Amino acid sequence: GTVSLNSTVLKINQSGSIYYSDTTYTLFNSPFSWSVSGAAGVPVINYTYTATRPTYTGWASLKDTIKLSQTNVINLTGITGADEIVVSIAATGFIMRNLAGNATSLTLTPSEVSALSTTTSGSMFVSCFKVGYASFGGKDYKFKTGYQLYKTIVVQ
């Protein structure tokens with residue numbers, strides 16, 4: 001069916017799973033008014049989610065380098081108002097960790113980072129989310145607002 005956010009109709013994408021995305025690159029602000037026409041087991045949804053995006057003042061302290069031979073501690077101090085934090089690292093391989101919103105660091109052991117390959121053009125993403133839940137048609141739905149920081153890193 002049709003999915004819209006703050007009156008902007010989102011486009012359907014299929015790449016392994018079905019999801020909707022905004023191809024207008026609009027920065028949506030609270031309140032977030034969701035409208036779903038419903039189809040294939042998804043009920044009609046009209047829901048307004050009012051939330052403030054988390055803040056992250058400590059982003060400048062993010063690591064520049066991940067070392068494959070040692071334990072790596074990623075500093076996450078300065079994140080406030082988050083319910084969830086997701087840290088992802090991509091360097092041929094991929095690592096993703098979901099953390100509580102009050103986490104102040106992420107520790108990755110050499111065993112965990114062994115999924116990565118040496119590169120000078122790896123990527124680190126830190127996503128901070130405020131989360132709300134609502135039920136429609138007997139099913140629970142998760143609504144999230146937040147932002148994602150991207151940093152190019154070296155993996156050695």
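Buried residues make up 37% of the 156 residues in this chain, which is shown here as a predicted model. The tour below proceeds from the whole chain to its sheets, its cores and one loop.

**The whole chain**

Begin with the complete chain in cartoon view. Its secondary structure comprises one helix and 15 strands. With the view turned along the principal axes, the C-alpha atoms fill a box of roughly 50 × 30 × 30 Å. Switch to a surface display: the chain exposes about 8700 Å², of which carbon and sulfur atoms supply 53%. If the charged side chains are then coloured, 10 positive and 6 negative charges appear, and the mean positions of the two sets are 3 Å apart. Contacts may also be drawn between residues at least 6 apart in sequence; 56% of these join residues at least 24 apart.

**The four-stranded sheet**

Next, select strands E1, E2, E5 and E6. They form an open sheet in the order E2-E1-E5-E6, and the pairing is antiparallel. The edges are occupied by E2 (8–9) and E6 (45–49); each has a single partner strand, so one side of each lacks a neighbour in the sheet.

Within this sheet, display E1 (residues 3–5) beside E5. The two are antiparallel and paired over three bridges, and Ser4 has Ser35 of E5 as its bridge partner. Then move to the other pairing of E5 (residues 32–36), in which five bridges join E5 to E6, again in the antiparallel sense. Two cross-strand pairs are worth labelling here: Trp34 stands opposite Tyr47 in E6, and Val36 stands opposite Ile45 in E6.

**The loop between E5 and E6**

Which residue should be selected in the loop between E5 and E6? Choose Val42, which lies in that loop. Val42 is partly exposed, with a relative accessible area of 35%. Leaving aside neighbours within four places in sequence, Val42 is in contact with Val36 and Tyr141. Now add Gly137 to the selection: its C-alpha atom and that of Val42 are separated by 8.0 Å, although the two residues are 95 apart along the chain.

**The five-stranded sheet**

Gly137 leads to the hairpin of E14 and E15. Two residues lie between these strands, and Gly137 takes a positive phi near 60 degrees. Follow the strands away from the turn: 16 bridges join E14 to E15, which run antiparallel. One of the pairs to label is Phe136 with its bridge partner Lys139 in E15.

Widen the selection to the sheet that contains this hairpin. Five strands form an open sheet in the order E8-E15-E14-E11-E12, with mixed pairing. At its edges stand E8 (65–66) and E12; each has a single partner strand, so one side of each is left without a neighbour in the sheet.

On the E11 side, seven bridges join E11 to E14 in the antiparallel sense. Centre the view on Phe129, a residue of E14 that is the bridge partner of Glu84. Phe129 also stands opposite Gly146 in E15.

**The largest nonpolar core**

Display the buried nonpolar side chains. In soluble globular proteins, nonpolar side chains tend to be buried together. The largest nonpolar core here has 24 residues, and those touching the most other members are Ile66, Ile74, Leu76, Ile85 and Val126. Two or more residues each come from E11 (84–91), E12 (93–100), E13 (105–108), E14 (119–136) and E15 (139–155). The largest share, four residues, is given by E11.

What surrounds Ile74, apart from its neighbours within four places in sequence? Its contacts include Leu62, Ile66, Val87, Ile89, Leu106, Leu108 and Met124.

Keep Ile74 in view and add strands E9 (residues 72–75) and E13, which pair in the antiparallel sense over four bridges. Across this pairing, the bridge partner of Ile74 is Leu106 in E13. In a regular strand the side chains alternate between the two faces of the sheet. Inspect E13 from both sides: Leu106 and Leu108 make up its covered face, whereas Ser105 and Thr107 make up the uncovered one.

**The second core**

Finally, select Phe28, Val36, Ala51 and Phe136. These are among the 13 residues of another core, which lies apart from the largest one. Two of them have appeared earlier on this tour: Val36 opposite Ile45, and Phe136 paired with Lys139.

Methods:
Residues are numbered from 1 along each chain as its sequence is written. This is a predicted model: local features need pLDDT of at least 70, side-chain atom pairs count only at pLDDT 80 or more; totals for chains, interfaces and linings use all residues. Side-chain values use heavy atoms; hydrogens and water are left out. Two strands pair if DSSP finds at least two bridges between them. A nonpolar core is a set of buried Ala, Val, Leu, Ile, Met, Phe, Trp, Tyr and Cys residues joined through side-chain atoms within 4.5 Å. Buried means under 20% relative accessible area, exposed over 50%, partly exposed in between (1.4 Å probe, protein chains only). Contact means heavy atoms within 4.5 Å. Accessible areas come from the Shrake-Rupley method with a 1.4 Å probe; for residues, only the protein chains shown count as cover. Lys and Arg count as positive and Asp and Glu as negative; His and the chain ends are not counted. The place of a charge is taken as NZ of Lys, CZ of Arg, CG of Asp or CD of Glu.
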